[in-house]
Amino acid sequence: MPITPATAMHSSPWGHLPGPQGTGGGTTEAILLELVDEDGTTIGTAEKLAAHQPPGQLHRAFSVFLFDARGRLLLQQRALGKYHSPGVWSNTCCGHPYPGESPFAAAARRTHEELGVSPALLGEAGTVRYNHPDPDSGLVEQEFNHLFVGLLQAPPRPDPEEVGATAFVTPAELTERHAKDTFSSWFMTVLDAARPAVRELTGPAAGW
């Protein structure tokens with residue numbers, strides 16, 4: 001698993017724009033996503049909301065899984081103000097690169113924007129393609145998702161406009177929480193796809 005330091009990666013060449021998973025409050029600028037084919041090759045762009053309207057347009061995304069020194073996964077509860085999957089629990093951070101932005105740079109940038117931290121290490125964990133409708137919003141996640149795993153060495157400082165709550169969980173605690181709380185439709189898909197890299201990062205004692 002390639003591991004790359006993820007420091008000073010959170011500045012955006014577009015200035016202070018709303019993040020791809022953010023609410024975009026107070027701005028009228030359209031957020032564009034990269035449309036891709038089934039191989040992950042860029043074929044164009046689409047406005048963010050339009051790309052999620054049924055039946056959805058396949059677009060590039062990323063998902064980040066960060067762990068503490070004890071091998072616990074940092075979960076976030078998405079802020080209630082988000083138009084897509086508000087209030088549900090999900091992985092540490094997820095979103096969409098801007099057109100032309102590398103998934104790695106986008107993952108490091110959004111982790112800092114949402115949680116106020118930069119991962120000590122961030123490594124690629126493969127890709128996964130999925131189609132997940134969200135019954136509550138009526139939107140569709142047609143995504144070619146780049147996965148990243150990393151370590152967290154500072155406590156998160158969440159942006160309340162992006163993150164409602166955070167929690168560190170062991171595998172057993174995640175199972176309990178997943179049974180009683182509402183999670184994003186894509187959570188188990190991306191976690192299962194990232195598990196080999198997660199196990200390599202956290203070691204067998206963590207239980208992932």
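Arg129 stands opposite Phe144 in strand 9, and this pair offers a starting point for describing the predicted model. The pairing to which these residues belong is that of strand 8 with strand 9, which run antiparallel and are joined over eleven bridges. The two strands form a hairpin in which six residues lie between them, and within the turn Gly138 adopts a positive phi of about 80 degrees. A further hairpin is built from strand 2 and strand 3, with five residues between the strands and with Gly40 in the turn at a positive phi of about 85 degrees. Strand 2 (residues 32–36) and strand 3 (residues 42–47) are likewise antiparallel, and five bridges join them; in this pairing, Val36 has Thr42 of strand 3 as its bridge partner.

Taken as a whole, the protein chain contains four helices and ten strands, which follow one another from the N terminus in the order β-β-β-α-β-β-β-β-α-β-β-β-α-α. Of the 208 residues in the protein chain, 52% are buried. Among the contacts in the protein chain with a separation of 6 or more, 70% are made by residues 24 or more positions apart. The area that the protein chain exposes is about 9,100 Å², of which carbon and sulfur atoms supply 54%.

The interior was examined next. The largest nonpolar core comprises 25 residues, and those with the most contacts inside it are Phe65, Leu73, Leu75, Val149, Leu174 and Phe187. At least two residues of this core come from each of strand 4 (59–67), strand 5 (73–78), strand 8 (121–133), strand 9 (140–151), strand 10 (163–169) and helix 4 (187–202). The most is given by helix 4, which contributes seven residues to this core. Once its neighbours within four places in sequence are left aside, Phe187 is found in contact with Phe65, Leu73, Leu75, Ser90, Asn91, Leu174 and His178. A second core, separate from the one just described, has 15 residues and includes Val64, Ala107, Ala108 and Leu152.

Val169 is located in strand 10 and counts as buried because its relative accessibility is 2%, below the 20% under which a residue is so classed. When residues up to four places away in sequence are not counted, Val169 touches Arg72, Leu73, Leu75, Leu174, Arg177 and Trp208. With one of these residues, Arg72, the separation along the chain is 97 residues, whereas the C-alpha atoms of Val169 and Arg72 are separated by 5.0 Å.

The loop between strand 7 (93–95) and helix 2 (103–115) holds His96, a buried residue with a relative accessible area of 0%. The side chain of His96 takes part in a polar contact of 3.0 Å with the side chain of Glu143, and a polar contact of 3.3 Å joins the side chain of His96 to that of His59.

The cysteines were considered with regard to covalent links. A disulfide is a covalent bond between the sulfur atoms of two cysteines. The structure holds zero disulfides, and for Cys93, which is in no disulfide, the nearest cysteine sulfur is that of Cys94, 6.3 Å away. Because the sulfur of Cys94 lies 6.3 Å from the closest cysteine sulfur, that of Cys93, the two are too far apart for a bond; the cut-off for a disulfide is a sulfur pair within 2.5 Å. Cys93 is buried, with a relative accessible area of 0%, and Cys94 also counts as buried, at 7% relative accessibility.

Attention may finally be given to the loop between helix 1 (48–52) and strand 4, in which Pro55 lies. The peptide bond that leads from Pro54 to Pro55 is cis, with omega near 5 degrees. Gln57 is also placed in the loop between helix 1 and strand 4, where its relative accessible area of 32% makes this residue partly exposed. Apart from its neighbours within four places in sequence, Gln57 is in contact with Leu35, Ala46, Ala50, Ala51 and Gln142. Between Gln57 and Glu34, which are 23 residues apart in sequence, the C-alpha to C-alpha distance is 9.8 Å.

Terms used. Residues numbered from 1 in each chain as written. Heavy atoms only, no water. Buried < 20%, exposed > 50% of the residue type's maximum accessible area, 1.4 Å probe, protein only. Polar contact = N/O pair within 3.5 Å; in protein donor to acceptor, adjacent residues only side chain to side chain. Core = buried A, V, L, I, M, F, W, Y, C linked by side-chain atoms within 4.5 Å. Contact = heavy atoms within 4.5 Å. Areas by Shrake-Rupley, 256 points an atom, 1.4 Å probe, with all protein chains shown as cover. Pairing = 2+ DSSP bridges.
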